[in-house]
Amino acid sequence: MTITAKVAAALCVLITLSSCANTIKGFGRDAANTVNATQNAGNRVANAASR
């Protein structure tokens, strides 16, 4: 394997790993937003029921 091929392979691996990190971070944000939305909906239902 030539040096050029090794460098190209290393760059491909780094790009793949960095895109996975962004996806995981985005998934964590989406999960947190889902939890917040569920809690807010529960609070609105509780407030409506107590009136």
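**Notebook: a predicted single-chain model**

I began with the surface, and I noted that the chain exposes about 4500 Å², of which carbon and sulfur atoms supply 66%. I keep in mind throughout that this is a predicted model.

I then looked up how many of the residues are buried, and I found that 0% of the 51 residues of the chain count as such, where buried means a relative accessible area under 20%.

For the secondary structure I recorded one helix and zero strands in the chain. Next I checked the radius of gyration, which is 22 Å and well over the 10 Å that the globule rule gives for 51 residues, so the chain is more spread out than a compact globule. I also took down the box that the C-alpha atoms fill along the principal axes, which is roughly 75 × 10 × 5 Å.

Which residues make the nonpolar surface patch? I listed Ile3, Val7, Leu11, Leu14 and Ile15, and I wrote down an area of about 520 Å² for the patch. I followed one of these residues further: Ile15 has its place in helix H1, which covers residues 3–49, and Ile15 is exposed because its relative accessible area of 57% is over the 50% cut-off.

I turned last to Cys20, which also lies in helix H1. Is Cys20 partly exposed or buried? I entered it as partly exposed, because its relative accessible area is 38%, a value that falls between the cut-offs of 20% and 50%. Finally I looked up the separation of Cys20 and Ala32, which are 12 residues apart in sequence and 18 Å apart in space, taken from C-alpha to C-alpha.

How values were computed: Residues numbered from 1 in each chain as written. Predicted model: local features only at pLDDT ≥ 70, side-chain atom pairs only at ≥ 80, totals over all residues. Heavy atoms only, no water. Helix = DSSP H or I, 4+ residues; strand = E, 2+ residues; numbered from the N terminus. Rg over C-alpha atoms; globule rule 2.2 N^0.38 Å. Buried < 20%, exposed > 50% of the residue type's maximum accessible area, 1.4 Å probe, protein only. Areas by Shrake-Rupley, 256 points an atom, 1.4 Å probe, with all protein chains shown as cover. Patch = residues over 30% accessible without salt bridge, like charges linked within 9 Å, V, L, I, M, F, W, Y side chains within 5 Å. Salt bridge = Lys/Arg side-chain N within 4 Å of Asp/Glu carboxyl O.
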